[in-house]
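Biologist: Before I trust the labels on this protein, can you take me through how they were assigned?

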Amino acid sequence: MKNKILAPSLLSADFGNLKDALKLCEEKKAGFIHVDVMDGKFVPQISYGQPVVKSIRKYTDIPFDVHLMVEHPEDMVDSFAEAGADWITFHQESTVHIDRLINHIHDLGKKAGISIVPSTPVSFIKEVLPLVDLVLVMAVNPGFGGQKLIPYCVDKIAELDSIRKEKGYKYLISVDGGINNETVNSALDGGVDVVVSGSAFFNGSFKWEA
C-alpha cells in the first residue's frame, strides 16, 4: 500500500464525537478525510453541512475532501471552500456545466474532483479528465454506509488508470463504497490511489499499513 492514500469516511464515524474520530484518522496516518455531504435529494439521506465542516476543521491538518452528493453543487462550493474544504468533489450526474464548475473550484484555490455512480460509464467524463485533480468511482449506490462493493465498478478503476497512462493525465483515482480487507486488493490492483473506507475503518476491522 506504499504511496496509496487512506481516506476515512466520516459518514461512518460517531457524529457525537468527531474530534476523537479525527484523532483516530491521524493515528492511522490517513492522507485525506472524506467528508460526505448529502442533501436528501440526490441521495436519500441527509448528513451534515458547512457549519460542521467549519467546526471540525481546527482539530486536524489532514486535507478534507468534501464529497458533494447533492443536487446543484455549484450553489455550495463557495461556502464549503470557506468552511475548510481542501478538495471539492461533485457528481457528474448532479449538474450540467461541469467544465465551468471545475474551473470555479480551481479559482477558489481548491482541488477539483468528479465522481460517478455505479451506472455511469467513464466515457461520460472523458472530456474533463484533463481538468480534474481526482476521479471518485462510487463502488456502491451512494447514500448509505455499510453496502457491498459492486464488482463491475473495479473495471472502471482500471479503465481510468489506462486512460491516465495513455494520455499522461495527472488525476488521482479514488474509490468509495464497500472497501474492506476482502475488496481493497482488487481496487489497488486496478490502479486506485485513494482508498475511502467508512464502516470497516471505524469499526476497526480494516487493516491498513501506511
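Modeller: Sure, here is a short run through the salt bridges and one helix.

Modeller: This is a predicted model, where local features need pLDDT of at least 70, side-chain atom pairs count only at pLDDT 80 or more, and totals for chains, interfaces and linings use all residues. Residues are numbered from 1 along each chain as its sequence is written, and side-chain values use heavy atoms, with hydrogens and water left out.

Biologist: What makes Asp-86 and Arg-57 a salt bridge?

Modeller: The rule asks for a side-chain nitrogen of Lys or Arg within 4 Å of a carboxyl oxygen of Asp or Glu. Their closest N and O atoms are 2.8 Å apart, so the pair qualifies.

Biologist: Why is Arg-57 called buried, and what is Asp-86 called?

Modeller: Buried means under 20% relative accessible area, exposed over 50%, partly exposed in between (1.4 Å probe, protein chains only). Arg-57 has 17%, so buried it is. Asp-86, at 29%, counts as partly exposed.

Biologist: And what makes Lys-165 exposed?

Modeller: Its relative accessibility is 65%, so it passes the over 50% mark. Lys-165 also forms a salt bridge with Asp-161, N to O 3.0 Å. Shared partners join Asp-161, Arg-164, Lys-165 and Asp-193 into one network.

Biologist: How do you know that the buried residues of H4 share a side?

Modeller: H4 is residues 98-107 (helices are DSSP runs of H or I, at least four residues, numbered from the N terminus). Ile-98, Leu-101, Ile-102 and Ile-105 are buried there. They cover an arc of only 100° around the axis, taken from the directions from the helix axis to the C-beta atoms, so they sit on the same side. Arg-100 and Asp-107, on the other side, are exposed.

Key:
Helices (H or I, at least four residues) and strands (E, at least two) are DSSP runs, numbered from the N terminus.
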